[in-house]
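Visitor: I would like to go through this structure by question and answer. Please take it one step at a time.

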Amino acid sequence: MAGDLQAKYSKLAQEYSKLRAQNQVLKKAVVDEQASSTALKDQVKQREQSLRKAEQEMDSLSFRNQQLTRRVELLQEELSASEARGGGRRTKGKGDSPSQQGQTQIVFDEDLQKKIEENERLHIQFYEAGEQHQRQLSQLEALVEELQQERERVEAQLEGLRARCALGEDRLAQETARLELKAHSLEREARECRARAEECQQQLSGCQVELSRQVQENSSVIQEKVPFNDTQYHHFNSLNVPPHNRRHQLKARDVAGQAVLLVKDLVAALLNFHSYTEQRLHIYPLDSSIQPISPLNQRFSQYLHENAAYVRPLEDGLLQLHHSITEDTVTVLETVVKLKEFADHFSSYTHFLQKILPYQLKSLQEECEASLCPPALSSKNQDLQRDLTRVTAIFLKLQSYITLLALPSQREQALPQSSCSAAFTQLAAALHSLHDALQELSQHYSQKASLEEGLPSVSQKLRTTSECLLSSLSSLTITSSKVATFFSNNLDFFTASPGYGPRGGACTLSPLQAESMLGNKRRAAAYMLTIRKPRPESVPYREALSNRHILTSSTESREGLTQQVHQGQEKIARLEQEKEHWLLEAQLGRVRLEKENQRISELQAQLCSALGGPAPGPPRPPGPGCQEEEEQEEKGAGREATLSTSLVGMLTTTPINDEVGDEASREQLIKSHYMVRVSELTSQLQLSDSKTVHLHAECRALAKRLAIAEKTREALAEEVRLANQNITRLQDELSTIKRSYEEQLSMMSDHLCSMNETLSKQREEIDTLKLGNKGSTKKNKGR
């Protein structure tokens, strides 16, 4: 129990350290999240400032554009006015050629129209860019708000987790303190146990000295008194009771129980393997629901359908072997008759494996011959054929060794002790070989299943069946490993000599000799119990004579005493009846007296109310005679209550008649003493029962508290795991959001660069237009 508490204490300490480490990680994650959120806020502020600058530049550009537009309109008006004035002058002057003036005007008008259209197009692009910028800005603001809300929610969850972790730490601290107290108490108990062990060691040394003395005495008695030594003859010596090795019997029963559990798991794994193999035959390479499978696979499926008739008897046979091993039996290879039945069942299952092996190989060959089977899958099928052949061969080897070990129970001296040890050793090696072969079979089949998943014709039903078959193979591999390890760990027990057999000879026991030996053992034990019964104590002669005189005198006066007893009993019964009668009469008189007193008080109250006088005082106390009667009645009632409490009270308070003699009074005193003693023992028994019930209830409450604490710890661990998953998910979301922000910001910067380039181009075009307009005006003025 101290080891269990120490293990629980270490486990709780580990859980506490894990929780503390996870709490530190959570705190660090919260700090990182806060720093990232502040960095994001700063970036958003910077972006807003840059956006405001861009908006201001856009406003200034629009204002400049409007100014330029007005300037162009003024220039156009001036141009039209100058053209009108120039036309009049040309008509009056020498005059230019009208065709040249018209061409120049047309070219200038076309250039101006193109500039106007280009300006409109730039206006439209600028407006669309502003709208797109506003939309992206609103989207980014909404996303920032969502991220802030998500951060607040995560902070709230982290606060809740911190509170839960704090509660868990408090509970773990309380549990640690409680376990420390238990550890101290267990250490104290261990010290007491060591002290008792030292005392027992001293007693053991004394017992050894006494046993050595007895052995010497018995050996001397045997040498002097025993005239016939039956150990010299084999037939007589085999009937002697051998030394019974109870520890060997308990170990054999324990080993058989463990083997039953392992064989039960092995039988379940074999049943699953054969059943899923049969199910796979109906799915691949041909689906039986669409088209019939081949006759070979049909026969193979029929044989596999009968696997339970060969597999389940293995578990039943070993279970019967386990039931046949008891504490009172002799368990050696010569007496274990049920081992032959298990060997027969194992032999039948091995014959079943030999029968289905050719069908397994042919079925795999059919899969290789299919049209959609790739070369890699064909090679894996060949590996599976070799693995199945190897597994069947190992089962045949196991059958040979098990049959060999079952021979001594059928024929006497069929297998010497040296051969038994060799058979057990080879059986352990074969079990390890079986585990290796099953492991290779599972690996090759998993590779085959992974190759089949890449085929286009594989259905979901085949995938599910392959997964089930792989799980059955893995469980079969694990169980075979457990069986091999179990057999190797107990190989010393199997190969060691059990120590059974008659003294003075090296012969072995047959089943009939073991049965007769056990019968002799039971008869010897009954005889020893008979001769070890204590003889009754004898009475001294003088005491016997005095008892005889007393008995004779008491026999003479027995009739007189009997009559006196009958008379006393009748008198006591009559007095009891009279006492009960007078007690009832006294109770009735008391009730009547109370009623009369109540009625008198009511009449006095009415009289006083009618006369208008003062209120009447309390009723007059009864006279001395009445008081004496009431005291006698109270004494009688108290005596009645005392007598009617229980049987013990009646016996202890029964009055003693003066007329009864000394013997009756002595008997009454003895009876009263024993009744008092019985009452004391009853009270002590009740007190001990109550303490026991209290301790039992306290133990149950502690067990429930421990179970509740375990459940709470598991719930907290699950919550911490979920919190870690949420943190990782939030970190992934935060990284994706950061990445998207960076991409969007890069896109915005590229867009702003393109816009700046466009605006610079517009400025250059406007400047060129201004220069062109100035040059044309100068030319017009010069003309």
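Visitor: Is Q426 buried, partly exposed or exposed, and what is its relative accessible area?
Guide: This is a predicted model, and the values are computed from it. Buried means under 20% relative accessible area, and exposed means over 50%. Q426 falls between the two cut-offs, so it is partly exposed, with a relative accessible area of 40%.

Visitor: Which helix holds Q426, and how far is its C-alpha atom from that of L398?
Guide: Q426 is found in helix α9, which covers residues 417-453. Along the chain, Q426 and L398 are 28 residues apart. In space, their C-alpha atoms are separated by 8.9 Å.

Visitor: Is A430 buried or exposed?
Guide: A430 is also found in helix α9. Its relative accessibility is 2%, and the cut-off for buried is under 20%. A430 therefore counts as buried.

Visitor: Which residues does A430 touch, not counting those up to four places away in sequence?
Guide: One of them is I394, which is 36 residues from A430 in sequence and 6.6 Å from it in space, C-alpha to C-alpha. With sequence neighbours up to four places away not counted, A430 touches I394, K397 and L398.

Visitor: How many helices and how many strands does the protein chain have?
Guide: The protein chain has 783 residues, and buried residues make up 26% of them. Its secondary structure comes to 17 helices and zero strands.

Visitor: What span does helix α7 reach from its first C-alpha to its last?
Guide: Helix α7 covers residues 338-369, which is 32 residues. At 1.5 Å a residue, the expected span is 46 Å. The model comes close to that, with a span of 47 Å.

Visitor: Where does α7 bend, and by about how much?
Guide: A proline, P358, follows the bend within four residues. The bend is at I356 and comes to about 35°.

Visitor: Where is E341, and how far is its C-alpha atom from that of Q320?
Guide: E341 is found in helix α7. It is partly exposed, with a relative accessible area of 31%. E341 and Q320 are 21 residues apart along the chain, and their C-alpha atoms are separated by 9.0 Å.

Visitor: How many aromatic pairs does the structure hold, and why is the pair of F300 and Y359 stacked?
Guide: The structure holds eleven aromatic pairs. The ring centres of F300 and Y359 are 6.4 Å apart. Planes under 30 degrees apart count as stacked. The planes of F300 and Y359 are at 10°, so the pair is stacked.

Visitor: Which helices does the pair of F300 and Y359 link?
Guide: The two residues are 59 residues apart, so the pair links distant parts of the chain. F300 is buried, with a relative accessible area of 2%. F300 lies in helix α5 (residues 295-305), and Y359 in helix α7.

Visitor: What kind of aromatic pair do Y349 and F395 form, and which helices hold them?
Guide: The pair is edge-to-face, with 5.7 Å centre to centre and 80° between the planes. Y349 is buried, and so is F395. The pair ties together parts that are 46 residues apart in sequence, because Y349 lies in helix α7 and F395 in helix α8 (residues 375-406).

Visitor: Which residues do ring pairs link into a cluster?
Guide: Y349 and F395, paired edge-to-face, are among the members. The cluster consists of Y310, F342, F346, Y349, F352 and F395.

Visitor: Where is H322, and which residues is it in contact with, leaving aside neighbours within four places in sequence?
Guide: H322 is in helix α6, residues 308-324. H322 is buried, with a relative accessible area of 14%. Leaving aside those neighbours, H322 is in contact with R253, A256, G257 and V260.

Visitor: How far apart are T758 and Q125 in sequence and in space?
Guide: T758 is in helix α17, residues 662-782. At 26% relative accessibility, T758 counts as partly exposed. Leaving aside neighbours within four places in sequence, T758 is in contact with L122 and Q125. T758 and Q125 are 633 residues apart in sequence and, C-alpha to C-alpha, 9.7 Å apart in space.

Visitor: How many disulfides does a search of the whole structure find?
Guide: A disulfide is a covalent bond between the sulfur atoms of two cysteines. C420 is buried, with a relative accessible area of 5%, and C468 is partly exposed at 24%. The number of disulfides found in the whole structure is zero.

Terms used:
Residues are numbered from 1 along each chain as its sequence is written. This is a predicted model: local features need pLDDT of at least 70, side-chain atom pairs count only at pLDDT 80 or more; totals for chains, interfaces and linings use all residues. Side-chain values use heavy atoms; hydrogens and water are left out. Buried means under 20% relative accessible area, exposed over 50%, partly exposed in between (1.4 Å probe, protein chains only). A disulfide is a pair of cysteine sulfur atoms within 2.5 Å. The expected span of a helix is 1.5 Å times one less than its number of residues. The bend at a residue is the angle between axes fitted to the seven residues ending there and the seven starting there. Rings of Phe, Tyr and Trp (its six-membered ring) pair if their centres lie within 6.5 Å; planes under 30 degrees apart count as stacked, over 60 as edge-to-face and the rest as tilted. Contact means heavy atoms within 4.5 Å.
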